[in-house]
Amino acid sequence: MAGGWEAGLLLSGIVLLGSCVQWLTGMGFALVAVPALVLLLDPAQGVVLANCVSCAICLVGLAGGLRAVRLRAMVPLCAAAACTVPLGTWLARRLPEPVLLACMGTLVTAAVLLVMRGARLPSLRGSGGAVAAVAVGGFMNSAAGVGGPPISLYALNAGWTVREFVPNALFYGVVVNAFSIAANGVPRLSTPVWGLVVAGMVVGGSIGRWLAGRVPEKQARLLVLLLALVGGVMTLGKGVWELRR
């Protein structure tokens with residue numbers, strides 16, 4: 001990783017911010033962190049680092065809520081998502097970096113805009129909608145590090161309550177990120193940089209939990225989506241700029 005300690009500290013700061021918003025709002029690590037990670041590292045390394053951190057955050061969050069997971073429903077859905085993970089990995093490894101940046105920026109931007117609009121799609125209801133959503137999520141997670149929006153849109157259209165959504169989304173996050181890590185590997189970071197990443201995750205989680213009872217949820221979620229939108233547009237812009245060069 002070029003840039004030494006300065007880049008390591010910047011990387012830790014990105015993870016800290018993403019972890020903070022994840023614990024503050026229950027969503028948003030990948031949306032906020034992935035665009036910055038792929039710009040600081042490269043698309044492949046940024047995605048696999050996001051997969052690793054997202055998996056760890058979901059695992060910690062799930063520790064106290066495993067009993068609330070609908071295993072009969074979620075296991076087949078996670079299996080469907082796992083089937084599309086290799087396709088996302090295959091595609092990401094074959095696209096030139098500028099094209100991959102442009103695709104990632106487009107995916108993040110489109111996902112944020114759909115979530116912000118609270119898109120209502122009849123096709124996302126029922127078992128067929130669930131399978132379609134998680135299959136798209138698995139593909140997006142391994143290709144671009146952002147697999148949460150499709151399952152969020154499904155839950156919105158299926159009428160899930162927050163209490164129902166959170167533990168099942170965490171379970172989905174653990175499984176799909178684990179499959180993505182198995183397909184993509186782990187990022188090539190030095191031991192000191194890994195230490196900074198873990199420190200950023202812990203500190204960010206602590207700040208997020210402290211803020212959770214002090215910041216209105218609606219305002220926090222809007223801030224997360226705006227940050228993610230800016231990052232997505234910047235990543236798309238860099239990809240297009242490099243293509244034109």
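# Notebook: L62, two cores and an all-helix chain

**Entry 1, starting from one residue.** I began with L62, which is buried, with a relative accessible area of 8%. That puts L62 well inside the cut-off, because buried here means under 20%. A reminder to myself: this is a predicted model.

**Entry 2, where L62 sits.** I placed L62 on helix 3, which covers residues 43-62. Next I asked which residues L62 touches once its neighbours within four places in sequence are left aside. I found V69, P167, L170, F171 and V174. I also checked the C-alpha distance from L62 to G173: the two are 9.6 Å apart in space, with their positions 111 residues apart in sequence.

**Entry 3, the largest core.** Then I looked up the nonpolar cores. How many residues does the largest one have? I got 35, and L11, L31, L49, V53 and V197 are the ones with the most contacts inside it. Two or more residues each come from helix 1 (4-25), helix 2 (29-40), helix 3, helix 5 (97-117), helix 9 (191-212) and helix 10 (217-244). Helix 2 gives the largest share, with eight residues.

**Entry 4, a closer look at V53.** I picked V53 from that core and listed its contacts, again without neighbours within four places in sequence. The list reads V15, S19, F29, V197 and M201. V197 is a pleasing one to meet here, as V197 and V53 are both among the residues with the most contacts inside the core.

**Entry 5, the other core.** Apart from the largest core I found another, of 23 residues. Its members include L62, V69, A130 and I151. So my starting residue belongs here, and its contact V69 does too. For background, nonpolar side chains in soluble globular proteins tend to be buried together.

**Entry 6, stepping back to the fold.** I counted ten helices and zero strands in the chain. The radius of gyration is 17 Å and the globule rule gives 18 Å for 245 residues, so the chain is as compact as a globular protein of that length. Along the principal axes, I read a C-alpha span of about 45 × 40 × 30 Å.

**Entry 7, chain totals.** Of the 245 residues, 49% count as buried. Among contacts with a separation of 6 or more, 84% join residues 24 or more positions apart. I noted an accessible surface of about 11,700 Å², with 69% of it belonging to carbon and sulfur atoms. Last came the charges: I have 17 positive and 6 negative side chains, and the centres of the two sets lie 12 Å apart.

How values were computed: Residues are numbered from 1 along each chain as its sequence is written. This is a predicted model: local features need pLDDT of at least 70, side-chain atom pairs count only at pLDDT 80 or more; totals for chains, interfaces and linings use all residues. Side-chain values use heavy atoms; hydrogens and water are left out. Helices (H or I, at least four residues) and strands (E, at least two) are DSSP runs, numbered from the N terminus. The radius of gyration is taken over C-alpha atoms; the globule rule is 2.2 Å times the number of residues to the power 0.38. Buried means under 20% relative accessible area, exposed over 50%, partly exposed in between (1.4 Å probe, protein chains only). Contact means heavy atoms within 4.5 Å. Accessible areas come from the Shrake-Rupley method with a 1.4 Å probe; for residues, only the protein chains shown count as cover. Lys and Arg count as positive and Asp and Glu as negative; His and the chain ends are not counted. The place of a charge is taken as NZ of Lys, CZ of Arg, CG of Asp or CD of Glu. A nonpolar core is a set of buried Ala, Val, Leu, Ile, Met, Phe, Trp, Tyr and Cys residues joined through side-chain atoms within 4.5 Å.
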